[in-house]
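Reader: I've just opened this one up and I'm new to it. Could you walk me through it with a few questions and answers?

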Amino acid sequence: MSCLRLGTWQTANIAAVVFAVLAGSLFASAACNDDRDKMIKEYVDQTIDFTPACGDFTSDGHSTHFTFAELNTGDFSAWAILRGSLLSGIETTRTKNGNASLTVNSAYRNPKHNSGVEGAAKNSRHLHGDAIDFQSDEDSWGGLRQAGKDASACAEPQALSGTGHVHLDWRGTCPANW
Ligand SMILES: [Zn+2]
């Protein structure tokens, strides 16, 4: 009998330890202890197709010709998701477009900001940190889009974007006709 009691007591203690370790690691992975926690909650609350971790955000990501402030077009000035594929892709696009200076209309957006943008897709690549909208007009649209495609971007067709901006993203596998 005493052996059985000891066994039950040990099992209960092991279970308690396992629970404490799991709870501790879950808590540790969830809290960034700054505005990133609010941003991550927006992804969860809006059931976006991915949930970023603390390490997915940057407070100073930029490229040679584009500053962090230009690329962070969300509501939280200190944090954005800016993938390496975006930062290198926009530089290659600029080069392929004849090194002309380019105006960023939009790059990173947090979910709440994105849901207020007319025509923006719920799971827009702007939430993933690999998309950019460059300002354009009827004359520049075609050349700028081609420069993006030459830089391995997925490029939104004119029927969807109009000519006021060129949307480029580096998601990898592009939709048909992008
Ligand atoms: Zn866009």
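Reader: Let's start with H2. Which exposed residues does the face of H2 turned away from its buried side carry?

Author: Keep in mind that this is a predicted model. Helix H2 covers residues 35-45, and one face of H2 is turned away from the buried side. The exposed residues on that face are Asp37, Val44 and Asp45.

Reader: And which residues of helix H2 are buried? Why do they end up on the same side of H2?

Author: The buried ones are Arg36, Met39, Ile40 and Glu42. They share a side of H2 because they cover an arc of only 150 degrees around the axis. As a rule, an α-helix has 3.6 residues a turn, so residues three or four places apart point the same way. For this set in H2, the arc to remember is 150 degrees.

Reader: What do the buried residues of H2 pack against?

Author: Their partner is another helix, made of residues 111-115. That's helix H5.

Reader: Moving on to strand S4, how many of its residues are buried?

Author: S4 runs over residues 165-169 and is mostly covered. His165, His167 and Asp169 point one way, while Val166 and Leu168 point the other way, and all are buried. In general, side chains in a regular strand alternate between the two faces of the sheet. For S4, the buried count is five of five.

Reader: Which strand pairs with S4 over five bridges, and which joins S4 by two?

Author: Strand S2, residues 131-135, pairs with S4 in the antiparallel sense over five bridges, and Gln135 has His165 as its bridge partner. On S3, residues 154-155, Cys154 stands opposite Asp169 of S4. S3 and S4 also run antiparallel. So to speak by name: five bridges belong to S2, and two to S3.

Reader: How many residues are in the largest nonpolar core, and which elements each supply at least two of them?

Author: Leu71, Ala80, Leu82, Leu86, Tyr108, Ile132 and Leu168 touch the most other members of this core, which has 26 residues. The elements that each supply at least two are H2, H4, S2, H7 and S4.

Reader: Which residues is Ala80 in contact with, leaving aside its neighbours within four places in sequence?

Author: Ala80 is one of the core residues that touch the most other members. Two others from that group, Leu71 and Tyr108, turn up among its contacts. The full list is Phe57, Thr58, Gly61, Leu71, Asn72, Gly74, Tyr108 and Gly129.

Methods: Residues are numbered from 1 along each chain as its sequence is written. This is a predicted model: local features need pLDDT of at least 70, side-chain atom pairs count only at pLDDT 80 or more; totals for chains, interfaces and linings use all residues. A residue is buried if 20 or more other C-beta atoms lie within 10 Å of its own, exposed if 12 or fewer, and partly exposed in between; C-beta atoms are placed from the backbone. Helices (H or I, at least four residues) and strands (E, at least two) are DSSP runs, numbered from the N terminus. The arc is that of the directions from the helix axis to the C-beta atoms. Two residues are in contact if their C-beta atoms, placed from the backbone, lie within 7 Å. Two strands pair if DSSP finds at least two bridges between them. A nonpolar core is a set of buried Ala, Val, Leu, Ile, Met, Phe, Trp, Tyr and Cys residues joined through C-beta atoms within 7 Å.
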